[in-house]
Amino acid sequence: AGIRYTDDEKDAFHVDFTVPIIPSVPINVADDHVSWDLALAYAMSDSTQLYARVASGFRAPTIQDRIADDVAVTTADSETIMSYEIGVKGQSERFRYNLAAFYYDIDDMQLVAIGGNANATTLLNAQGGEGYGVEIEMDYLLTDDLIVSGGFGYASTEIKDSTLSVPAGP
């Protein structure tokens, strides 16, 4: 189990070099969040273990003001995520495997969009997103000097925001 407290603040000053007589504009984004993690494992035998994990996560707000050609400064609000994973790990004398399934749900997903009428780089938030999938890994010891390994992964992700679009620009 674990817990983390994050207190994040970012400051920037934007100067429009196309109109240098306008003073710099201060920009500030800040947020705090408590995220946590809980994992459980159960040994079915000396060679097989089941596990489950639930965790929350946090990505602090951010500022996009690094590209001189972009017209405006953009910011993205904080992003939070809940993730869930279950799996099994096992091995025998010559064989080892890992199987896992996961699901996650994101609120206020931070995205970078490039385009619009101004063809600018823009930070924005989607209302949400979700993903799920499976992962499989296997190793087989053919000889003392040769291991055959294989893996498979499948992930399905979706942005959940029917109103999301790139800002048009000036």
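**Close-up views of an all-strand chain**

**View 1. Val 34 and the nonpolar patch around it.** At a relative accessible area of 43%, Val 34 is partly exposed (buried is under 20%, exposed over 50%, partly exposed in between; 1.4 Å probe, protein chains only). The model is predicted: local features need pLDDT of at least 70, side-chain atom pairs count only at pLDDT 80 or more, and totals for chains, interfaces and linings use all residues. Residues are numbered from 1 along each chain as its sequence is written, and side-chain values use heavy atoms, with hydrogens and water left out. Val 34 sits in strand β2 (strands are DSSP runs of E, at least two residues, numbered from the N terminus). Together with Ile 3, Tyr 5, Trp 36, Leu 38 and Leu 40, Val 34 makes a nonpolar surface patch of about 650 Å². Two elements, β1 (2–14) and β2 (25–43), each give two or more residues to this patch. The biggest share comes from β2, which gives 4 residues. Patch members have over 30% relative accessible area and no salt bridge, and nonpolar side chains are joined within 5 Å.

**View 2. The whole chain, for orientation.** The protein chain has 9 strands and 0 helices. Read from the N terminus, its elements run β-β-β-β-β-β-β-β-β. The chain holds 170 residues, and 25% of them count as buried. Its exposed surface is about 11,400 Å², of which carbon and sulfur atoms supply 55% (Shrake-Rupley method, 1.4 Å probe). Among contacts with a separation of 6 or more, 57% link residues 24 or more positions apart (contact means heavy atoms within 4.5 Å).

**View 3. Ala 41 on strand β2.** What does Ala 41 touch beyond its neighbours within four places in sequence? Gln 49, Leu 50 and Tyr 51 are its contacts there. Ala 41 is exposed, at a relative accessible area of 57%. Val 88 lies 47 residues from Ala 41 along the chain, and their C-alpha atoms are 9.3 Å apart.

**View 4. Thr 74 in strand β5.** Strand β5 spans residues 74–76, and Thr 74 belongs to it. Is Thr 74 buried or exposed? With a relative accessible area of 14%, Thr 74 is buried. Residues up to four places away aside, Thr 74 touches Thr 62, Ile 63 and Gln 64, as well as Thr 121, Thr 122 and Leu 123. Leu 123 also comes up in a second way: its backbone nitrogen lies 2.9 Å from a polar atom of the Thr 74 side chain.

**View 5. A salt-bridge network centred on the view of Lys 160.** The structure holds 6 salt bridges (a side-chain nitrogen of Lys or Arg within 4 Å of a carboxyl oxygen of Asp or Glu). One of them joins Lys 160 to Glu 130, with the closest N and O atoms 3.7 Å apart. Lys 160 lies in the segment after β9 (146–159) and Glu 130 in strand β8 (residues 120–143), so this pair ties together parts 30 residues apart in sequence. Lys 160 is partly exposed at 38% relative accessibility, and Glu 130 is partly exposed at 21%. Lys 160 also meets Glu 158 in a salt bridge, at 3.7 Å from N to O. Glu 158 is partly exposed, with a relative accessible area of 44%. Through shared partners, the salt bridges join Glu 130, Glu 158 and Lys 160 into one network.

**View 6. The salt bridge of Lys 10 and Asp 8.** Here the side chains of Lys 10 and Asp 8 meet at 2.7 Å, N to O. Lys 10 counts as partly exposed, at 27% relative accessibility.

**View 7. The aromatic pair of Phe 102 and Tyr 104.** Rings of Phe, Tyr and Trp (its six-membered ring) pair if their centres lie within 6.5 Å; planes under 30 degrees apart count as stacked, over 60 as edge-to-face and the rest as tilted. The count by this rule is 3 aromatic pairs. In one of them, Phe 102 and Tyr 104 are stacked, with 6.5 Å from centre to centre and 5 degrees between the planes. Phe 102 is partly exposed, at a relative accessible area of 22%. Tyr 104 is partly exposed too, at 21% relative accessibility.

Notes. A polar contact is a pair of N or O atoms within 3.5 Å; within protein, one must be able to donate a hydrogen and the other to accept it, and residues adjacent in sequence count only if both atoms are side-chain atoms. Patches are made of residues with over 30% relative accessible area and no salt bridge: like charges are joined within 9 Å, nonpolar side chains (Val, Leu, Ile, Met, Phe, Trp, Tyr) within 5 Å.
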